[in-house]
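Trainee: Could you take me through one part of this model in detail? I would like the strand pairing first, and then whatever connects to it.

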Amino acid sequence: MTADASDFSPLAASARSRLHTPRVTSFVSNSMSEDAGTPGRVIMAMAMFMFVYGAIALRLIDLGMADETPSSAYIGAQQAITASRPDLVDRNGELLATDIKAPSLYAEPRKIVDVDEVIDKLSSVMPELGTETIRNRLMGNAGFVWLKREITPRQREEIHRLGLPGIGFLTENRRFFPGGPTASHILGLVNVDEQGIAGMEKYLDGQGIADLQKFGFATSQSMKPIALSIDVRAQHVVRDELLKAIDRYQAIAAIGIVLDVHTGEVVAMSSVPDFDPNDPAEALKPENLNRATAGVYEMGSVFKSFSLAMALESGKVSMDDTIDATKPIRMGGFTINDFHGLHRPLTLPEVFVHSSNIGTARMTMELGIPWQQEFLRRLGLLERTRTELPEIAAPLLPSKWGDLSAMTISYGHGISVTPMQTAVAGAALVNGGYMIDPTFLPRTREEAQKTAVRVMSKRVSDQMRYLLRLNAVKGSGRNARVPGYMVGGKTGTSEKIVNGRYVHDKRRNSFLSAFPMDDPRYVVLVTIDEPKPEEGKHYATAGYNTAPVVSKIIARIAPMLGVVPHVTEDSDKILVSY
């Protein structure tokens with residue numbers, strides 16, 4: 001197609017210009033309008049991005065500063081967990097308690113970005129951390145809070161894998177008791193801060209361990225093991241036999257004590273049911289009470305041992321005397337009778353062997369109440385026992401100590417004491433007449449004699465050894481005999497009080513014994529709470545349960561304690577003279 005000349009004429013050019021001008025004008029106008037709005041939106045977007053990044057930068061700076069300056073709570077926790085406790089060992093060096101390392105979980109709330117996420121993930125490993133209490137701890141702005149003390153290595157590993165910011169671990173000391181419940185009532189336990197709260201652990205804190213921890217001197221390198229007086233082998237035997245006794249006699253509890261009569265050292269002490277100190281919550285159960293030192297009970301006819309010693313020591317009664325036990329004693333609406341009365345006059349040894357309430361009460365009244373109180377006080381039966389263990393109960397005494405109370409106390413009713421008090425007083429009967437406070441720490445005879453107090457003559461002590469041995473051969477203690485060892489002792493069967501009245505089918509039985517009676521070294525006391533008659537038998541008195549348990553204990557521990565048996569002598573041999 002060829003162009004016409006007119007196409008290039010000025011008129012044509014003018015026409016084309018008028019034709020296209022409106023379109024160009026419109027395009028330019030729209031373009032200018034859009035350019036005017038764009039800078040405002042850009043500036044707004046830039047401002048928003050700057051705000052967000054600024055907030056993140058400030059948070060990072062805050063976190064960085066937090067890392068540089070640990071909170072005082074965090075520093076305090078680090079200092080606390082370095083505190084150690086000394087190992088506890090038995091008299092032969094066997095380990096009883098020690099420190100081991102355990103991880104604990106903590107949080108730094110101000111480092112946590114998303115609390116809900118942290119709660120969800122932590123509770124997936126440890127459901128107990130999904131509580132509102134934990135949430136409240138994490139919502140704050142604290143620099144350090146504990147979440148869980150003493151977690152397992154597996155829990156630590158699983159939580160570590162979650163990679164949660166603000167969640168960390170500190171390795172701290174945890175008290176560990178290798179024997180579990182074997183000696184729980186002696187050792188006691190500690191809390192999560194390594195502070196003793198019961199038993200010998202609490203005692204040690206009072207002796208300066210707590211102060212050493214406070215000032216940072218209690219470290220594993222600086223603490224030497226502390227030896228206790230107990231023999232863990234004998235301790236295991238006593239506890240084992242008590243558990244068997246509870247099962248055999250369907251009892252609710254049992255107590256066993258082994259005491260060195262010359263030093264006062266507690267060689268073994270068990271009260272079952274007990275608890276595992278590695279699980280402190282068990283110690284709070286009422287049935288796990290330390291009945292040996294923190295419980296007080298009427299000990300029944302065991303007290304006749306003290307009453308006869310009291311009578312002999314007074315000089316008003318001799319071994320050759322005869323006491324009228326022909327008929328019951330009636331006073332103030334009460335009747336004192338014998339369980340198996342012979343209804344005739346009894347010699348003093350017969351009063352003891354036949355466990356006559358009537359004969360014991362008559363002797364006591366002949367001596368008078370002041371002498372009775374004085375002698376029982378000498379034996380430590382009217383005051384709280386002095387020893388290291390914190391859990392020591394005070395005896396329960398009659399509010400009015402009149403004639404009736406004096407007579408019932410003479411055979412173990414109307415006064416409640418701890419089994420430990422009974423064992424300690426029993427040691428004085430056979431060790432030559434010395435009252436020695438019990439101890440859970442090693443002590444030599446020489447050290448014991450420095451604080452020992454003579455409470456009766458050696459003559460009376462020898463007479464009591466004769467009577468205790470006689471009762472084990474011819475009396476209620478026959479089931480306590482052990483071939484090769486001269487065991488002596490006295491049974492006690494005490495009816496329990498329910499709603500203010502004695503009930504005949506609920507008893508607390510005891511057997512206080514010593515061996516070997518020709519040269520006593522150890523006292524063994526066993527108490528069983530509410531024993532039932534053994535299968536095939538009709539009686540549940542002490543001679544049928546506590547005496548056999550003592551026999552089993554002595555047979556097992558005597559060789560451990562180095563007591564040589566009299567292999568050539570008759571086990572029924574009675575001491576030659578008194």
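Mentor: In this predicted model, strand β16 (residues 488–498) and strand β17 (residues 501–515) run antiparallel and are joined by 10 bridges. Within that pairing, serine 494 of β16 faces arginine 508 in β17. The hairpin of β16 and β17 has two residues between the strands, and asparagine 499 there has a positive phi near 55 degrees.

β17 also pairs with strand β18 (residues 522–529), again in the antiparallel sense, over eight bridges. Here phenylalanine 511 stands opposite valine 526 in β18. The connection from β17 to β18 is a hairpin of six residues. As background, side chains in a regular strand alternate between the two faces of the sheet.

The strands lead on to the largest pocket, whose volume is about 1600 Å³. Its lining comprises 46 residues, and those nearest the centre are Ser301, Phe339, Asn357, His413 and Thr493. Two or more lining residues come from each of β12 (334–336), α14 (403–410), β16 and β17. The largest share, six residues, belongs to β16. Thus β16 both pairs with β17 and contributes to the lining of the largest pocket.

Two other places can be set beside this part. Helix α10 (residues 303–314) has 12 residues and spans 17 Å from its first C-alpha to its last, close to the expected 16 Å. Most of α10 is covered, with 10 of its 12 residues buried. Among the buried residues are Phe303, Phe306, Leu308, Met310 and Leu312, and also Lys304, Ser305 and Ser307. After α10 comes glycine 315, with a positive phi near 85 degrees.

The other place is threonine 439, in the loop between β14 (434–435) and α16 (445–451). Why does threonine 439 count as buried? Its relative accessibility is 2%, so threonine 439 falls under the 20% cut-off. The side chain of threonine 439 makes a polar contact of 2.6 Å with the side chain of glutamate 388. A polar atom of the threonine 439 side chain also lies 3.0 Å from the backbone nitrogen of leucine 441. Leaving aside residues up to four places away in sequence, threonine 439 touches Ser229, Thr263, Gly264, Glu265, Val266, Thr387 and Glu388. Glutamate 388 therefore appears both as a polar partner of threonine 439 and in its list of contacts, the cut-off for contact being heavy atoms within 4.5 Å.

How values were computed:
Residues are numbered from 1 along each chain as its sequence is written. This is a predicted model: local features need pLDDT of at least 70, side-chain atom pairs count only at pLDDT 80 or more; totals for chains, interfaces and linings use all residues. Side-chain values use heavy atoms; hydrogens and water are left out. Helices (H or I, at least four residues) and strands (E, at least two) are DSSP runs, numbered from the N terminus. The expected span of a helix is 1.5 Å times one less than its number of residues. Buried means under 20% relative accessible area, exposed over 50%, partly exposed in between (1.4 Å probe, protein chains only). Two strands pair if DSSP finds at least two bridges between them. A polar contact is a pair of N or O atoms within 3.5 Å; within protein, one must be able to donate a hydrogen and the other to accept it, and residues adjacent in sequence count only if both atoms are side-chain atoms. On a 1 Å grid over the protein atoms alone, a cavity is a set of points where a 1.4 Å probe fits but cannot get out, and a pocket is an open set with protein on both sides within 12 Å along at least five of seven lines; lining residues have an atom within 4 Å of a point. Grid points are joined across faces, edges and corners, and a volume is the space filled by probe spheres set on the points.
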